[in-house]
Amino acid sequence: MNDDIELDIVHTPVMLNEVLSFIPEGSKIAVDATLGEGGHTKAMLDLNLEVHAFERDANILEIAKKRLKNYDKFYYYNNTYDKMIYELDEKLIGNIDFILYDLGVSLFHFKKAERGFSFKDNVRLDMRLGINEKSAYDIVNGYSEEELERIFRDYGEMDNAKKMANIIVKERNRRKIETSRELENIIFHNTDKSRRYGKIHPATLVFQAIRIEVNDELNILEKSISNIPSILKSNGVVVVMSYHSLEDRIIKKFFKENEKTKNKDGIFKLLNNKVKLPTNEEIKLNPASRSAKMRIAQKI
């Protein structure tokens, strides 16, 4: 990666003011589970917090390290965020004031990484966010028809999952599907004409499903949030921003199951009964925020 790309900060932190507003008064130590280019972390460092940040992609971590090199309270870990329970020093476990998860995929991956996240680019199918061996190419060309149907159904929530899996297998039997553009063309031309020009491009959900499978995103999320009660201190706060219904469902279920109510013991007090959404003004300024949903909980 050249220096121009390394220094090109392309991602605007989502719902930044709202995130900062939930940091408990007197906080000293925060965890940014999803560092990206470091926008949220920088804002927390500017509040004089000690920030421990996780980023699974070594390339994007280099961007953040350059951006934040002058902060002496910045600590980084090149790992997935389900590993924070193991990576953080023992003295930090149970003493974290604030944890942030921004589950959106950084614009760096769509605009700079050249790994086939976007079907607008004609690059080799990859979609790896960092530390993992399996790529989108391996899934598209190697998974059985039943496995493809499963991920399209479960991770893309597609009502034509079986049909699309069958089409991809037929196409790859003719020749390997190499690039994001090739996969997009196959999906587009095998989608009913009535669906080709809707609000959502017909390839969007297929690409989402493959990306989730490549990066094991939902399993990693479930493992990580199960450790939040051990990592946060009493009265510590966790903020989670999700960008599609699968993630939001996991977060909502976890918080509800562990919420303290009049009728049951629990770990958390929910700080928002309704999910928080970005303002219309933010969506205009930062279109990447449009699907964000924020949930906030405080450890009792």
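User: Is aspartate 248 buried or exposed, and what is its relative accessible area?
Analyst: The model is predicted: local features need pLDDT of at least 70 and side-chain atom pairs 80 or more, while totals for chains, interfaces and linings use all residues. Residues are numbered from 1 along each chain as its sequence is written, and side-chain values use heavy atoms, without hydrogens or water. Aspartate 248 is buried (under 20%; exposed is over 50%, partly exposed in between; 1.4 Å probe, protein chains only), its relative accessible area being 8%.

User: Which residue does aspartate 248 meet in a salt bridge?
Analyst: A salt bridge puts a side-chain nitrogen of Lys or Arg within 4 Å of a carboxyl oxygen of Asp or Glu. For aspartate 248 the N to O distance is 2.7 Å, and the partner is arginine 295.

User: How many residues apart in sequence are the parts tied together by arginine 295 and aspartate 248?
Analyst: Arginine 295 is also buried, at 12% relative accessible area. It lies in strand E7, and aspartate 248 lies in helix H14, residues 245-257 (DSSP runs numbered from the N terminus: helices H or I, at least four residues; strands E, at least two). The pair therefore ties together parts whose separation in sequence is 47 residues.

User: How many residues apart in sequence are the parts that arginine 124 and glutamate 178 tie together?
Analyst: Arginine 124 and glutamate 178 form a salt bridge, with the closest N and O atoms 2.9 Å apart. Arginine 124 is in the loop between helix H6 (107-111) and H7, and glutamate 178 is in the loop between H9 and H10, so the separation is 54 residues. Both residues are partly exposed, glutamate 178 at 29% and arginine 124 at 48%. The separation in sequence, again, is 54 residues.

User: In which helix is the partner of aspartate 192?
Analyst: Aspartate 192 and lysine 163 meet in a salt bridge at 3.3 Å, N to O. They are 29 residues apart, with aspartate 192 in the loop between H10 and H11, and lysine 163 is in helix H9.

User: Which helices do the buried residues of H10 pack against?
Analyst: Helix H10 covers residues 180-189, and its buried residues include Leu183, Ile186, Ile187 and Phe188. They pack against helices H7 (136-142), H9 (161-174) and H11 (204-215).

User: Which residues does asparagine 286 contact, leaving aside neighbours within four places in sequence?
Analyst: Asparagine 286 sits in the loop between helix H15 (280-285) and strand E7 (293-299). It is buried, with a relative accessible area of 8%. Its contacts (heavy atoms within 4.5 Å) are Thr12, Pro13 and Val14.
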